[in-house]
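Reader: Hello! I have a model open at my bench and would love a close look at a single part of it, with some of the surroundings filled in.

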Amino acid sequence: MPKFYITTTTPYVNGEPHIGFAREVVAADVIARYRKVMGDEVRFNTGTDEHGQKIFDKAKAEGLEPRAYVDKLAPRFEALREPLNLSFTDFSRTSADRHIATAQEFWRRCYKNGYIYKGQHKITYCVGCELEKTDSELEDGRCPIHPKMTLEVRDEENYFFKFSVFQDRLLDLYKNADNFVIPEFRLNEIRSFVERGLQDFSISRLKSKMSWGVSVPGDPDHVMYVWFDALCIYISPLGWPEKSDFDGWWPGMQVCGKDNLRQQSAMWQAMLMAAGLPNSLRVLVFGFITGEGGIKMSKSLGNVVDPIALVGEWGTDPVRYFLLRELSLWEDSPFTHERFKEAYNANLANGLGNLASRVMKMAEVNLDKPVTIPDSTLPDEYKKLMSEFELQKSADYIWSEIGRLDTLIQSSQPFKLIKSEPDKGRELIQELVINLYTIARMLNPFLPATSQAIKEAVRGNKSFEKPLFPRKE
């Protein structure tokens, strides 16, 4: 079986899981499920990033040791599995012994190959991003992603990664790799960033100032900069360095939000080159989910959406549906509860749910036995869109098929035809059932529970005891 590996970013455990990460991990889940349907052996990695200044400060504020703090919060991210119906095979934590061993060996390889050095450097630093910031990246002297946080000016002895020497190799990667960054405008964005020139970046912190991190091999006075450590999470679950070929899993695909573009598609790729390892296969970069009016979600504004609470109110598959179809995947897209309700009633209750109910009611009443479902492949247009990772367009295609069947029922009126021409009526109902089953097949990666419910109804030639999606008033 072909092997396919996909990994999400690993969110900081300095707060509760939010809807932005929920969309990221659900989108990765759809891709993983689809590849499994297509016959691949799949590994799907997600996890948590647990080192760095933000974690250290948060733990201190709560009167906890960093280890106790991350052990309290990390399980809340792993617990997303059930409410979001996720199929991840690996949940990786940067505080795990396995990961620490991988990060330290990765450091040794980069150091041995001449890409790490110690030096004194003055930098402008955003604690929110855990990144150095150049003047060109600031807006009115502040980080555009964390405008309320005061930037720090740091001047201390650190280890540095020779990012500056990888400009040409990164540009070659962007030119020659097949759709390395999707969407294309994000590829153009990172290419422009690299073309402007790269600066070496700090990859350590003094342990005396920030003790919560992975120890630098051979230097007890330093811990690794959080991004150098955290990016290794993409290979640590695959058994590197013990398994030099990663058992055939690497290179893999990565998904991330647009605020991770530089880290995933430039910094990490240069680090892989420095360690002598293959680059990632592809990086998908999603836009932000914003509040009403396009305002960035924040706790202070009170517009943060809790995905677990949303599932509790609406159910798993409605949440998956909204995240995957009603919100733009590549651009920023606003979430509102009113918009969610409208989409639920129009496209789930009145759309998919109503169609499945009508077809299976006609089948149960008018057919003596279950319809024999022919062995068939998924529609070519659907497969093309899924292979291009156009999840929203793939869902649109499914709903276009739902609309087509609704129109067919309205125009042919099988419930009347069965009375005047029984054979033609039964043939038409059988056709509708087969088409409904194909829709269920296409829904499998998106709405797995709903897909299964429709398939079981078809196999048993039974109508639904209750609506798949009860209308909400």
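Which elements do the buried residues of α10 pack against?

Author: Happy to walk you through this predicted model. The buried residues of α10 pack against four elements: α1 (19–37), α4 (81–84), α11 (316–326) and α12 (337–366).

Let's begin with the helix itself. α10 covers residues 307–314, and its buried members are Pro307, Leu310, Val311 and Trp314. Looking down the axis of α10, you would find these buried residues within an arc of 100°, so they line one face of the helix. That is the face to follow if you want to trace the packing against α1, α4, α11 and α12.

Both ends of α10 are worth a look. Asp306 caps the N-terminal end, where one of its side-chain oxygens lies 3.0 Å from the backbone nitrogen of Ile308. After the helix comes Gly315, with a positive phi near 105°.

One of the partners of α10, the helix α12, leads us to the interior. The largest nonpolar core has 156 residues, and those that touch the most other members are Phe106, Phe161, Phe163, Leu170, Phe228, Trp268 and Phe446. α12 gives this core its largest share, twelve residues. As background, nonpolar side chains tend to be buried together in soluble globular proteins.

From that list, Trp268 makes a good next stop. Leaving aside neighbours within four places in sequence, Trp268 is in contact with Phe106, Leu231, Cys232, Tyr234, Ile235, Trp250, Gln254, Gln263 and Ser280. The last of these, Ser280, sits in the loop between α9 and β13 (282–286). Ser280 has a relative accessible area of 6%, and it counts as buried because that value is under the 20% cut-off. Its side chain has polar partners: a contact of 2.3 Å joins it to the side chain of Gln254, and another of 3.0 Å joins it to the side chain of Gln269. Beyond four places in sequence, the residues in contact with Ser280 also include Phe180, Trp250, Pro251, Gly252 and Leu272.

Another partner of α10 is α11, and the loop between α11 and β15 (333–334) holds Leu329. Leu329 is buried, at 4% relative accessibility. With neighbours within four places in sequence left out, Leu329 is in contact with Arg23, Phe286, Gly287, Phe389, Leu391 and Gln392. If you would like a sense of scale, the C-alpha atoms of Leu329 and Pro75 are 27 Å apart, and the two residues are separated by 254 places in sequence.

Phe389, one of the contacts of Leu329, has a backbone feature to check. Its phi is positive, near 65°, and Phe389 is not a glycine. Most residues other than glycine have a negative phi, and most peptide bonds are trans. Phe389 lies in the loop between α13 (380–387) and α14 (391–412), and it is buried, with a relative accessible area of 6%.

Asp140 also has a positive phi, of about 55°, without being a glycine. Its place is in the loop between β5 and β6 (152–161). Whereas Phe389 is buried, Asp140 is exposed, with a relative accessible area of 83%.

There are cis peptide bonds to find as well. One runs from Ile182 to Pro183, with omega near 5°, and Pro183 lies in the loop between β7 (181–182) and α7 (184–195). Another joins Trp240 and Pro241, with omega about 10°; Pro241 is in the loop between α8 (226–231) and β12 (253–257).

Finally, some words on empty space. The second largest pocket has a volume of about 410 Å³. Its lining is made of 21 residues, and Lys133, Thr134, Glu137, Gln199 and Arg262 are the ones nearest its centre. Two or more lining residues come from each of β4 (116–126), β5 (131–132) and α9 (261–275), and β4 supplies the largest share, four residues.

As for enclosed space, three cavities of 30 Å³ or more are found in the whole structure. The largest cavity holds about 60 Å³, and its lining residues are Gly52, Gln53, Tyr125, Glu130, Arg154, Arg205, Met210, Met224, Tyr225 and Val226.

Methods. Residues are numbered from 1 along each chain as its sequence is written. This is a predicted model: local features need pLDDT of at least 70, side-chain atom pairs count only at pLDDT 80 or more; totals for chains, interfaces and linings use all residues. Side-chain values use heavy atoms; hydrogens and water are left out. Buried means under 20% relative accessible area, exposed over 50%, partly exposed in between (1.4 Å probe, protein chains only). The arc is that of the directions from the helix axis to the C-beta atoms. Contact means heavy atoms within 4.5 Å. A polar contact is a pair of N or O atoms within 3.5 Å; within protein, one must be able to donate a hydrogen and the other to accept it, and residues adjacent in sequence count only if both atoms are side-chain atoms. A nonpolar core is a set of buried Ala, Val, Leu, Ile, Met, Phe, Trp, Tyr and Cys residues joined through side-chain atoms within 4.5 Å. On a 1 Å grid over the protein atoms alone, a cavity is a set of points where a 1.4 Å probe fits but cannot get out, and a pocket is an open set with protein on both sides within 12 Å along at least five of seven lines; lining residues have an atom within 4 Å of a point. Grid points are joined across faces, edges and corners, and a volume is the space filled by probe spheres set on the points.
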